[in-house]
Each structure stands twice: as structure tokens, then as C-alpha cells.
Amino acid sequence: MAKKHINWLFQEIPNWVKSGIIEEEQGQRILSQYSATQEENTSESWNPGIIALSVLGALLIGGGLMLILGYQWDKLSLFAKKILSFVPAILGLSVFVFAYVRHLKSMAWREGASGFFMIMIAASLGMVNQIFELHISNSNIILYWLVSSLAVVYIPNSSLAAIIYLIGAAFWQVDVIRDEKMIYWLLFLAIIPHLWLNWRLPIQQPIRRHLLALVIILTWPIVWFPNFMTGFPEYTLLAPSIALCVFILLNNWVFPNDQRFFRRPFFLMGFIGVFVYTLALSGRTYVQPFNFTELWNGTKNDQYGGWFFLLQLAVFTLGWLGLLILYFGKKHHRTIGETLLVIFPIFVLAYMTIYRLNPSDAYSKPVYINYIPVILANLYGLAVGAAFIRQGIAKPSLVELNLGMLFVLGLTAARFFDSNWNEFYKGLAFVVLGVVFLFVNLRMSKRLVKS
């Protein structure tokens with residue numbers, strides 16, 4: 001059977017099992033059979049342990065060489081330093097070419113050599129800048145390194161190089177100021193083809209997809225919020241809420257057949273973000289309105305590049321709407337809980353609209369309309385929690401049950417802290433909630449064992 005047909009089969013078998021066409025045990029036997037066939041038919045080795053050790057070895061060798069060179073640096077002449085400044089890049093290129101020519105089919109060689117080459121390029125750029133006294137800023141050095149390293153990502157299709165690239169781009173974005181921050185999105189755009197290709201790999205090779213997703217999740221808060229710390233809390237509420245929902249919807253495309261929650265990193269990222277924002281809005285939160293003209297011109301609070309903030313908002317809004325259309329148009333199993341999560345920006349817009357109707361000053365005595373957005377936030381959070389609890393009991397799924405209880409208990413705990421109860425009654429209430437939480441989990445665990 002051709003490789004593309006095997007890949008299609010690996011995508012479809014989980015759906016067949018879910019639909020009851022075949023039993024789960026039969027599906028596993030088919031997967032095992034064709035997984036072995038594919039390994040025989042392809043010359044590319046795929047052993048996660050070997051790959052991990054190869055990558056670690058390459059990084060240790062690169063770091064060790066830098067330490068040895070640094071130890072002897074002061075003893076070298078200026079001429080020797082100038083020559084040695086190019087050695088790391090030449091050494092990295094030699095290893096990279098050797099791996100590409102002689103071990104192209106070995107993923108361990110490709111990933112290890114690519115990671116080593118990227119580190120060596122960075123080392124040479126730093127040394128050249130220092131020795132030749134070019135006086136290039138650290139942020140520009142990182143930018144030159146990222147641009148020059150793109151070939152290392154795409155020629156061998158190296159996800160390790162892509163991961164190093166994403167981390168380096170995040171560090172660069174934090175280091176720069178004002179309008180320069182918008183360049184990050186051009187850097188991110190350059191890596192999207194690699195993400196696109198490798199997120200669509202067959203399901204028997206999930207580690208690459210999950211590592212790439214994990215790096216994006218870890219770097220996203222670092223990259224995103226420096227862009228949106230604009231002094232306009234209303235904007236910093238709307239834009240990230242749309243981005244979080246893009247993550248949730250993107251998960252259905254990147255991990256379409258993996259229903260295990262802890263192997264759905266984009267969904268978990270979006271869920272946690274929506275949970276945090278809902279908790280923040282469910283209390284007496286002051287939301288400062290912003291003016292589009294002031295944001296565009298950057299004339300308020302010494303902001304710069306306001307037009308680009310609006311451009312980012314427009315791009316992510318279009319992405320969210322497009323994925324939302326696919327979500328509701330595609331015939332797949334949708335749940336009430338997930339649907340409530342992906343329409344979170346609609347709730348945020350309603351919250352902001354009602355908040356703007358507040359006729360009183362933010363610090364004056366509150367009037368009746370102050371409570372409407374707060375009530376709306378609590379009702380939204382309770383609806384999400386109830387939906388996941390219902391799904392968890394119906395399946396049954398202990399993870400979904402706990403996600404729902406997290407919403408409900410989080411809102412309850414927040415309201416306890418807002419109340420005027422003394423510590424004794426608050427403590428007693430928390431004990432009762434903890435007992436309920438443990439009791440429900442124990443009952444669900446027994447039910448899962450019986451089933």
C-alpha cells in the first residue's frame with residue numbers, strides 16, 4: 001500500500017472506532033500492522049529515544065565547545081580571535097552538510113546537526129560583532145541570526161531548528177521596543193510553512209507536532225502581551241480573548257483525532273486562558289474604554305504603532321471568524337462546553353458594550369448597571385462549568401468533569417473572597433467544596449472502573 005494511503009488510513013481508523021464500524025481492538029491491530037509495514041517501506045528512522053539523545057548530544061557538544069573556547073579566549077592574539085570567530089559557523093556547516101549528504105534519511109542526524117549548526121551560527125555572529133567592533137545591538141544580532149537560520153529549518157525539515165528559531169524570536173520581541181515589535185509577526189510568518197507541513201504528519205509520529213505546539217504555547221504569552229500592554233485594558237481584553245479562541249479552534253485541525261485532553265495542548269491553552277479571563281471579569285473589574293483614533297495615532301500614554309495593534313486585531317478576528325465557520329460547518333462531534341468556549345469573544349464584546357453604558361464614574365458610587373456585566377460573566381462561567389460537568393458525567397470522562405468543576409469552584413471561591421463573611425465561614429465553605437470535589441471524583445472513578 002502506498003504511503004499516502006497508509007497515512008489516510010491512520011487518520012480514518014479512530015473515526016471508524018468512534019462510529020462503531022470496527023471495534024477498538026480491531027483498530028489497534030490494523031494500526032499496528034500498517035505501522036510496521038510503513039516502517040519497513042521507509043528508510044527514515046523514527047526512534048524518539050535515539051532522536052532525543054542525538055539532539056541532546058549536539059547541544060552539549062556545542063555548549064562545551066563554547067565553554068572551552070571562552071576559557072582560553074584571553075590567552076589568544078587578536079589575529080587568532082578573528083580566525084576563530086568564523087570557526088563555529090564553519091564547523092556547524094560541515095556537520096550539517098555531512099548529515100544532509102550522508103545521513104539524509106536519519107531523523108536523528110538531521111535534527112542533531114541542524115540544532116548544532118544554529119547554535120554555531122549564533123556563536124560566530126556574536127564573536128564577529130565583538131572582535132571586529134561592529135557595535136551591532138544584541139537585538140539586531142538575534143534578528144540576523146534568525147533570518148540566516150531559516151535555511152537550516154527548511155532544507156532538512158528540522159523541527160529542532162524551528163523550536164530554537166521560535167524561542168529566539170520570542171527573546172528578540174521582548175528585547176525590542178516600539179514599532180520594532182511588529183517585525184516579530186513577519187518572523188513568525190516565515191516559520192508557518194514548517195508548522196503547516198509537520199502538523200499534518202501521520203498520527204504515528206505525534207512527538208514533532210506536540211513539541212512544536214508546546215513551544216508556541218510557552219512563547220505565546222511572552223510574545224503577545226508586550227504587544228498589547230498599551231494602556232488600553234479594553235483592548236487587552238478583546239484581542240487576547242480572540243487569540244485564545246483561535247487556539248481552541250486550531251486544535252481541532254492540528255489534533256483532529258486525539259480526544260485525550262492532555263494531548264490537546266492548544267485546547268488546554270485556550271481553556272485556561274478563558275477560565276482566567278472569566279474569573280477576572282466576574283468580579284468588580286474596572287475596564288478602561290479606548291478610543292480608536294487615539295490608538296491609531298499613538299497619541300495616548302505615549303503609545304507607538306497603534307495602527308499595527310489594530311491590524312493585528314483585524315487579522316486575528318478574521319482568523320477566528322474563518323475557523324468558527326469551519327467549526328460549525330464541518331460535520332464532527334461538537335459539545336456545548338467547547339462551543340461556549342469558542343464564542344467567548346462574543347461574550348467579551350457584550351461585556352464591554354454593557355460596561356460602556358455605565359452612567360457613573362469608575363470610582364463613584366456604583367449604580368444598577370454596574371452589576372449587569374458582572375452577573376453576565378458569572379452566568380457565562382457557570383454555563384461553561386455546567387456544560388463540561390454534564391459532558392463528563394455522560395461520557396463518562398473524569399477530565400471533562402474536573403474541567404467543569406474547576407470553572408464552578410473557581411467562580412464560587414472568587415465570590416467567597418468578595419463577600420463580607422468572616423474567615424470561619426469562608427474556611428467552612430471551602431471545606432465543604434473540597435469534600436464535594438473529592439466525593440464526585442471518587443464516584444466517577446468507581447464508575448469508570450466498572451465500565
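**Exercise 1.** In this predicted model, work out whether Tyr 327 is buried or exposed, then classify its ring pairing with Phe 328.

*Solution.* Start with Tyr 327: its relative accessible area is 3%. Buried means under 20%, so Tyr 327 is buried. Phe 328 comes out at 40%, which makes it partly exposed. Now the rings: their centres sit 5.0 Å apart and the planes meet at 80°. Over 60 degrees counts as edge-to-face, so that's what we call the pair of Tyr 327 and Phe 328.

**Exercise 2.** Find out which helices the aromatic pair of Trp 199 and Phe 266 ties together.

*Solution.* First, the bigger picture: the structure holds 24 aromatic pairs. In the one formed by Trp 199 and Phe 266, the centres are 5.4 Å apart with 85° between the planes, so it is edge-to-face too. Next, place the residues: Trp 199 belongs to helix H9 (residues 183–199) and Phe 266 to helix H12 (residues 265–281), so the pair links parts 67 residues apart in sequence. Both are buried, Trp 199 at 7% and Phe 266 at 0%. They also share one aromatic cluster, whose members include Trp 185 and Phe 247.

**Exercise 3.** Say which residues have the most contacts inside the largest nonpolar core, and which helix gives that core its largest share.

*Solution.* The core has 81 residues, and the best-connected ones inside it are Trp 199, Phe 266, Leu 341, Phe 344 and Phe 347. Helix H11 (residues 233–254) supplies the largest share, 14 residues. Zoom in on Trp 199: beyond its close sequence neighbours, its contacts include Leu 250, Trp 253 and Phe 266.

Note on methods:
Residues are numbered from 1 along each chain as its sequence is written. This is a predicted model: local features need pLDDT of at least 70, side-chain atom pairs count only at pLDDT 80 or more; totals for chains, interfaces and linings use all residues. Side-chain values use heavy atoms; hydrogens and water are left out. A nonpolar core is a set of buried Ala, Val, Leu, Ile, Met, Phe, Trp, Tyr and Cys residues joined through side-chain atoms within 4.5 Å. Buried means under 20% relative accessible area, exposed over 50%, partly exposed in between (1.4 Å probe, protein chains only). Helices (H or I, at least four residues) and strands (E, at least two) are DSSP runs, numbered from the N terminus. Contact means heavy atoms within 4.5 Å. Rings of Phe, Tyr and Trp (its six-membered ring) pair if their centres lie within 6.5 Å; planes under 30 degrees apart count as stacked, over 60 as edge-to-face and the rest as tilted. Lists of a residue's contacts leave out its neighbours within four places in sequence.
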